[in-house]
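Me: I should like to learn how to read strand pairing, helices, buried cores and cysteines from a set of coordinates. Please take the features one at a time.

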Amino acid sequence: MSYTRTCISGLFLLFLTLTCEAYSGFIGVKDTHFELNGSPFLFNGFNSYWLMHVAAEPTERYKVTEVLKDASAAGLSVCRTWAFSDGGDRALRISPGVYDERVFQGLDFVISEAKKYGVRLILSFVNQWNDFGGKAQYVQWARNAGAYISNDDDFYTHPLLKKYYKNHIEKVITRLNSITRVAYKDDPTIMAWELMNEPRDQADYSGKTVNAWVQEMASFVKSLDNKHLLEVGMEGFYGDSIPERKSVNPGYQVGTDYISNHLINEIDFATIHAYTDQWLSGQSDDAQFAWMERWITNHWQDARTILKKPLVLAEFGKSSRGQGSRDTFMSNVYRNVYNLAKEGGTMAGSLVWQLMAHGMENYDDGYCIVLGQNPSTTQIISDQAHVMSSLAQSFNQPH
């Protein structure tokens, strides 16, 4: 049966009741799996980076509501989104120390709506890339203040850039939500903080520079908030700590080290991203998925035996503008995630890139999915949500 918007609307109250019943409490980590109120927590989820940006304009907030409502009805329980926008259009932080209250209220709305629909949030603090400011904006601000910055990767080492970053972390974590009147650091709607979206360092491929930065910033976050989980935001590239693992990378390095970066005590779980249509462009669909399966499985093995922490496939997708079937690709990835999750829950869930609301074609990067608009894709996403939830429940049953 096709999973249409009519079906989503019809089942909404049932899903909302179920999600709200299980919603109280912070998500934690026990051994190598997530827990919620003492029970295993597995999930299917999604990325929607644009939520705060859109919600900064009150007349557009219905798009945020639509996505969270439809995602909740489809069984999706975790969303990853940006808690940054540095300079530029609808900037959250206009300049160091100067914030736009209207945009912050947009993020307040996102969190309050997520709570309403039973969706947990992973909130990221800064971008590797220039979109919404990123490292490059930090560097520009520091240069404007008279600091000598040689390149964007000084972000990880320059005292002024680190100060700007820490100030933003503190501003976000200690924010009092203008709608819920709950401080972000006290709100279980937030599942986790993310240090950076896809950190990379072209100046030091060993991963040691990023490692020192992660240690410093993770300790800082935990000094402000020890209730929430914390992750790095990594793509999963292997570095120098286990040289033979570099063969798993898609032919290059980016200055991070999946093993050493995630062994830091204050980092609660590991993440990987995967874009085979970009990283292995020109290869066949079969070859791309075979690589994808190796990528996921190797990281799962290391998360289970070396890191001893949960693993999340935090970004993956397939462009609708490329070759091959997106539905087939997603089904294969989901099957892989589920099969590994069955082995004790270390593989905890996945977050597809990305969900949009109706009428957001100008945001479409080729990976856009509108729930209900394509019934087969929506069904695949919903089915994965329900089998992961059922698997978590089975772990909780006496054997």
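Me: Which residue in S8 stands opposite valine 78?

Reply: Two strands (DSSP runs of E, at least two residues, numbered from the N terminus, as are helices, runs of H or I of at least four) count as paired if DSSP finds at least two bridges between them. Here valine 78 stands opposite arginine 120 in S8. Strand S5 (residues 78–82) and S8 pair in the parallel sense over 5 bridges. S8 also runs parallel to S9, joined by 4 bridges, and serine 124 stands opposite glutamate 194 in S9.

The model is predicted: local features need pLDDT of at least 70 and side-chain atom pairs count only at pLDDT 80 or more, while totals for chains, interfaces and linings use all residues. Residues are numbered from 1 along each chain as its sequence is written, and side-chain values use heavy atoms, with hydrogens and water left out.

Me: Which way do the side chains of S8 point, and are they buried or exposed?

Reply: In a regular strand the side chains alternate between the two faces of the sheet. In S8 (residues 120–124), Arg120, Ile122 and Ser124 point one way, whereas Leu121 and Leu123 point the other way. All of these are buried, that is, under 20% relative accessible area (exposed is over 50%, partly exposed in between; 1.4 Å probe, protein chains only).

Me: Where do the buried residues of H6 lie around the axis?

Reply: An α-helix has 3.6 residues a turn, so residues three or four places apart point the same way. In H6 (residues 159–173), the buried residues are Leu161, Lys162, Tyr164, Tyr165, His168, Ile169, Val172 and Ile173. They cover an arc (of the directions from the helix axis to the C-beta atoms) of only 160°, which puts them on the same side of H6. Their packing partners, by contact (heavy atoms within 4.5 Å), include helix H4 (101–116), helix H5 (134–144) and strand S9 (190–194).

Me: Which residues touch the most other members of the largest nonpolar core?

Reply: A nonpolar core is a set of buried Ala, Val, Leu, Ile, Met, Phe, Trp, Tyr and Cys residues joined through side-chain atoms within 4.5 Å. The largest has 130 residues, of which Phe34, Phe46, Trp50, Tyr165, Trp193, Tyr258 and Leu313 touch the most other members. Its largest share, 8 residues, comes from helix H10 (residues 285–307).

Me: How many disulfides does the structure hold, and why?

Reply: A disulfide is a pair of cysteine sulfur atoms within 2.5 Å. The structure holds 0, because the sulfur of cysteine 79 is 14 Å from the closest cysteine sulfur, in cysteine 368, too far for a bond. Cysteine 79 is buried at 0% relative accessibility, and cysteine 368 is buried at 15%.
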